[in-house]
Amino acid sequence: MRIEPSSTSIESVEVSAYTIPTDAPEGDGTLMWDSTTLILCEVSASGRTGLGYSYGAAATAHAAHHLGSKCLHNRSPLDIPLLHASMLQQARNDGSSGIASMAISALDIALWDLKAKLFDCSVLDLLGAARASVPAYGSGGFTTYTNQQLAAQMSGWAASGLKRVKMKIGQHPEDDPQRVRVAREAIGPEVELFVDANGAFNAREAIAFADKVDQFRVTWFEEPVSSDNLNGLRRVRDRAPAAMEIAAGEYGYDSLYFRRMLEAEAVDVLQLDATRCKGFTGFLEGAAIAASFGCPTSAHCAPSLHMHICCAIPGVRHVEYFHDHARIEQMLFDGFIAPEQGDLKPDRSRPGLGLEFKRKDAERYLTWRSK
């Protein structure tokens, strides 16, 4: 389909925020929460609407509304690099990380969805496929769970065909070795077991913990220390058991952060989050940098978005199928796709991301709307 950039322009940008209670108290090594806020951006042109979203504070919605009004209106939706650069420039004085970066992320993803819809193809086909599906891993195992809840969630994922599962640790470190044992017994010997401390330990504590749980064949230790502590990550990576990979990067907002992390040799696997690192445009930049270091990548959360771009990049190892986000996306989007036999496979017969927002179902969670 031939579309001239001059023949179409962005007519509206709508932003809204929805706060959805969790189905049980959730927590990790450094934070607890009982709700999650979805920031939804909808960009329209030539009768089609692209959607993108992020998970963050409601202030992200206000930032997205400002950036959409200033940078996207009346401009061609086909020129994503130009629009992306315009948003970065507009955010300069406020800082382009944190809330501003999440706002740019949601708008950038909406632009990719819109562009694919204008060409009547999936986002994966717009990007170009490297494969038809991508492995997923189950993620949850919150520190607020009882051992019974933990075992039920982990064993459920294993039974559904997921070949890797991840649990949170670090809130009560004295209980964690027993919790890891519970998880290992629940999933059996064949499923890989990941742990995530969300920066709860210092390097010495993390190394000691890694040694304690090596007997349970933990193969992934995420954010053993703060992801800002690159020397600490490197120290843990050097001393952890050989079969245990160190991962971090979910709080990275730009390619310079990812480069610093890789130059420090801080991780075995770099995590990227398109809802934080400036959308699919930022994700592609981060993946290219990782590839230049020979480092594999993994996508953090938001599985309905990440399955498309991860199928377009050969070096992506898997997508995090995070309990909280998977539940929200299943509740609020038609076209939601769950893993089958451990893999996420985009529906390439549906245009864009293949998602339609269930506005009526979401209305009771609405906390802010731009108009």
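Helix axes are lines fitted to C-alpha atoms over the stretch in contact, and the angles between them run from 0 to 180 degrees between N-to-C directions. In the predicted model, the axes of helix α9 (residues 255-263) and helix α10 (residues 279-292) come within 9 Å and cross at roughly 20°. Angles under 35 degrees count as roughly parallel, and α9 and α10 are therefore assigned to that class. The crossing of α9 past α10 is right-handed. On the α9 side the contact is formed by Ser255, Phe258, Arg259 and Leu262, and on the α10 side by Glu285, Gly286, Ile289 and Ala290.

A second helix pair is formed by α2 (residues 80-90) and α3, which pack at an angle of about 165° with their axes 11 Å apart. The limit for a roughly antiparallel arrangement is an angle over 145 degrees, so α2 and α3 are described as roughly antiparallel to each other. Here too the handedness was assigned: α2 passes α3 in a right-handed crossing. Helix α2 contributes Ile80, Leu83, His84, Met87 and Leu88 to the contact, while α3 contributes Ile104, Leu107, Asp108, Leu111, Trp112 and Lys115.

In soluble globular proteins, nonpolar side chains tend to be buried together. The largest nonpolar core of this model comprises 116 residues, and those with the most contacts inside it are Tyr53, Leu72, Phe221 and Phe283. Helix α3 (residues 99-118) gives the most to this core, with 12 residues. Beyond four places in sequence, Phe283 touches Leu272, Asp273, Ala274, Cys277, Ala299, His306, Ile309, Cys310, Ile313 and Val316.

Three residues with charged side-chain types were examined individually: Lys117, Glu320 and Glu329. Lys117 is found in helix α3. Its relative accessibility is 6%, and because buried means under 20% relative accessible area, Lys117 counts as buried. A polar atom of the Lys117 side chain lies 2.8 Å from the backbone oxygen of Thr49. Apart from neighbours within four places in sequence, Lys117 is in contact with Arg48, Thr49, Gly50, Pro351, Gly352, Leu355 and Glu356.

Glu320 is placed in strand β11 (residues 316-322). With a relative accessible area of 1%, Glu320 is buried. The side chain of Glu320 is joined to that of Ser139 by a polar contact of 2.6 Å, and to that of Lys166 by a polar contact of 2.9 Å. When residues up to four places away in sequence are not counted, Glu320 touches Tyr137, Ser139, Lys166, Gln271, Ala299, His300, Cys301 and Pro303.

Glu329 belongs to helix α12 (residues 323-332). The relative accessible area of Glu329 is 0%, so this residue is buried. Its side chain makes a polar contact of 3.1 Å with the side chain of Tyr53, and Tyr53 is one of the residues with the most contacts inside the largest nonpolar core. Outside a window of four places in sequence, Glu329 touches Tyr53, Tyr55, Ala302, Pro303, Ser304 and Phe336. The C-alpha atoms of Glu329 and Gln90 are separated by 30 Å, with the two residues 239 places apart along the chain.

Conventions
Residues are numbered from 1 along each chain as its sequence is written. This is a predicted model: local features need pLDDT of at least 70, side-chain atom pairs count only at pLDDT 80 or more; totals for chains, interfaces and linings use all residues. Side-chain values use heavy atoms; hydrogens and water are left out. A nonpolar core is a set of buried Ala, Val, Leu, Ile, Met, Phe, Trp, Tyr and Cys residues joined through side-chain atoms within 4.5 Å. Buried means under 20% relative accessible area, exposed over 50%, partly exposed in between (1.4 Å probe, protein chains only). Helices (H or I, at least four residues) and strands (E, at least two) are DSSP runs, numbered from the N terminus. Contact means heavy atoms within 4.5 Å. A polar contact is a pair of N or O atoms within 3.5 Å; within protein, one must be able to donate a hydrogen and the other to accept it, and residues adjacent in sequence count only if both atoms are side-chain atoms. Angles under 35 degrees count as roughly parallel, over 145 as roughly antiparallel, 65 to 115 as roughly perpendicular and the rest as oblique. A crossing is left-handed if the near helix is turned anticlockwise from the far one by less than a right angle, and right-handed if clockwise.
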